[in-house]
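Visitor: I would like to learn how to read a protein model step by step. Could you take me through one, beginning with burial and then turning to a sheet?

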Amino acid sequence: MLRHSTVVAADPVVRAAAGAVPQTQLRWIHSSEVLDIASLLGGGELLLTGGQALASASDERRTGYIWDLAERGVAALAVETGSVLPSIPSSMIAAAEEAGLPLIELRRVVPFVAVMEAINSQLVSQSAAQLQQADQASHAMAVELAHGSGLDRILAVLAAATGSEVVLTSTAGVTLASAEPNGHVDDSEPPVVGEDAGEAGKTIHIEVPVRGIPSARLTLYVRGDADVNLARIAGNRSVDILALALLQRMPPGLKEMAGAALIRAIDSGKQNWRLQELAPAAGIPVSAQVVAVVVRSPASKQLRRNVEHLLDPGGQHGASYADNAELLALGVLRSGNVQDERQKILDGLHSLEVPEGTVSAVGPVASGIAAAPWSLAEARLTLELAADVGRSRSPASTPGQVLDAQAFAVERLAVQAMDEARRRDFVSQQLAAVLAHDAERHSQLVETLRVWLDSGCNTAQAARELHVERQSMHQRLQRIFSLCGGDPRGTGRLAALHLAIRLAALESK
């Protein structure tokens with residue numbers, strides 16, 4: 001790739017992990033400015049980036065980007081430098097060297113599309129033979145399965161075909177079976193992984209679901225000069241065979257299958273009788289107090305187990321379902337104080353390690369399984385309202401937004417009970433003079449009033465949140481009071497003003 005004419009035009013220089021370059025195979029070339037791209041990649045890619053996002057990112061974010069790509073098995077990263085990003089930061093170079101991720105500086109601007117079209121077309125041609133070999137390995141594995149062989153013998157076929165040490169582990173990290181390319185198999189102990197296995201691009205992780213339920217992880221440690229791309233293709237080709245073998249050995253329980261079916265039924269708005277039928281099979285009493293959780297993340301599938309454990313540490317109640325964009329989960333609140341348990345869920349979601357861009361919402365408490373669709377719908381509505389309002393109401397220190405549907409109760413009620421015209425009229429009746437003042441003088445009286453009301457009319461706290469002196473805060477409040485008919489404290493107008501402020505945020509988007 002480095003000698004290809006489209007890349008030579010970019011004047012490339014390897015800035016880190018140069019020793020790994022000759023042994024690093026490419027599966028594909030991809031370009032992206034998104035820093036949270038790792039979870040969307042399959043491994044073996046050369047990633048091209050123009051550096052715009054890196055230029056404005058923190059040093060910690062840049063090094064995290066390097067480690068995320070390395071852990072995903074990305075083959076190399078090429079960064080275009082220039083006016084936006086004059087040079088690759090030294091912290092990124094150090095991190096890439098330590099991670100063994102080849103880091104390439106492109107010192108001239110080239111059209112990424114031309115690079116990708118030229119080299120990817122060659123990679124497609126080269127992959128035909130690898131696909132044929134992978135299909136042969138998959139067929140041989142199927143033959144072993146048909147003859148009643150165990151997981152170790154099935155994995156031995158894959159190990160021999162790919163020149164890799166192969167390990168199959170449960171979602172809890174327990175080794176189910178393993179094999180080495182020399183034909184050695186061992187059901188009880190994981191293989192000893194050589195130094196080369198830890199290099200970027202030499203370790204391949206593949207999830208193995210059984211009937212849609214994440215059940216195991218296949219890991220291939222590619223040895224020596226073995227073909228990494230072949231190992232990746234053959235590993236992915238073997239997933240269905242391994243799923244069948246797992247189904248024979250440790251089939252998903254009725255509870256797990258019923259739980260996934262229950263979540264899908266809640267999501268699709270199935271009739272109540274269907275929910276009443278599925279809930280007991282999933283271990284959830286039909287009269288239980290439940291709460292719905294929606295997680296939108298580029299790593300929704302990977303977060304599933306962590307969220308399940310958060311909702312139900314004992315593993316006896318709860319249900320979840322994940323697709324590529326969204327994780328849906330249902331938690332059972334079993335203590336006498338359901339609001340305390342619900343708050344524990346919110347706190348737990350705040351503490352989860354999630355990729356940037358992850359947004360979660362916790363719905364209100366639903367009394368009985370029949371009300372679960374309502375809790376899910378309110379959680380989803382909260383996600384939409386938060387995007388409209390532009391405020392997460394989530395601690396700024398958390399890596400992802402965690403939204404509480406209860407904090408959006410006013411907005412949820414308003415959009416469901418009042419049409420847009422009525423909301424606009426109400427806002428105008430309460431805040432017309434303040435809104436006009438902001439528009440004419442480019443002031444921030446509406447925002448000041450919002451912060452003051454949200455703080456419980458605590459002037460000192462509001463001043464701290466707005467980063468203004470207390471005297472300036474008092475002056476702003478006096479101006480607001482003069483525009484909206486006096487100090488609203490102690491009057492029925494206080495609630496009306498607070499409602500109008502919340503609705504104004506909706507109408508401003």
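Visitor: What share of the residues in the protein is buried?

Guide: A residue is called buried when its relative accessible area is under 20%. In this predicted model, buried residues account for 50% of the 509 residues. As for the surface, the protein exposes about 23600 Å², of which carbon and sulfur atoms supply 51%.

Visitor: How many helices and strands does the protein have?

Guide: The secondary structure comes to 19 helices and 15 strands. Among contacts between residues at least 6 apart in sequence, 67% join residues at least 24 apart.

Visitor: In what order do the five strands of the open sheet stand?

Guide: Reading across the open sheet, the order is β1-β5-β4-β3-β2, and the pairing is mixed. Strands β1 (12-16) and β2 (28-31) stand at the edges, and because each has a single partner strand, one side of each is left without a neighbour in the sheet. On average, neighbouring strands of this sheet are turned by 25° against each other, direction ignored.

Visitor: In which sense do β2 and β3 pair, parallel or antiparallel?

Guide: β2 pairs with β3 (residues 45-49) in the parallel sense, over four bridges, and the bridge partner of I29 in β3 is L46.

Visitor: Which strands does helix α4 touch, and which does helix α5 lie across?

Guide: Helix α4 (residues 90-99) packs on the sheet, where it touches β1, β4 (76-80) and β5 (103-106), and its direction makes about 70° with that of β1. Helix α5 (residues 112-146) lies across β2, β3, β4 and β5, and runs at about 160° to β2.

Key
Residues are numbered from 1 along each chain as its sequence is written. This is a predicted model: local features need pLDDT of at least 70, side-chain atom pairs count only at pLDDT 80 or more; totals for chains, interfaces and linings use all residues. Side-chain values use heavy atoms; hydrogens and water are left out. Helices (H or I, at least four residues) and strands (E, at least two) are DSSP runs, numbered from the N terminus. Buried means under 20% relative accessible area, exposed over 50%, partly exposed in between (1.4 Å probe, protein chains only). Contact means heavy atoms within 4.5 Å. Accessible areas come from the Shrake-Rupley method with a 1.4 Å probe; for residues, only the protein chains shown count as cover. Two strands pair if DSSP finds at least two bridges between them. Axes are lines fitted to C-alpha atoms, for helices over the stretch in contact, and angles run from 0 to 180 degrees between N-to-C directions.
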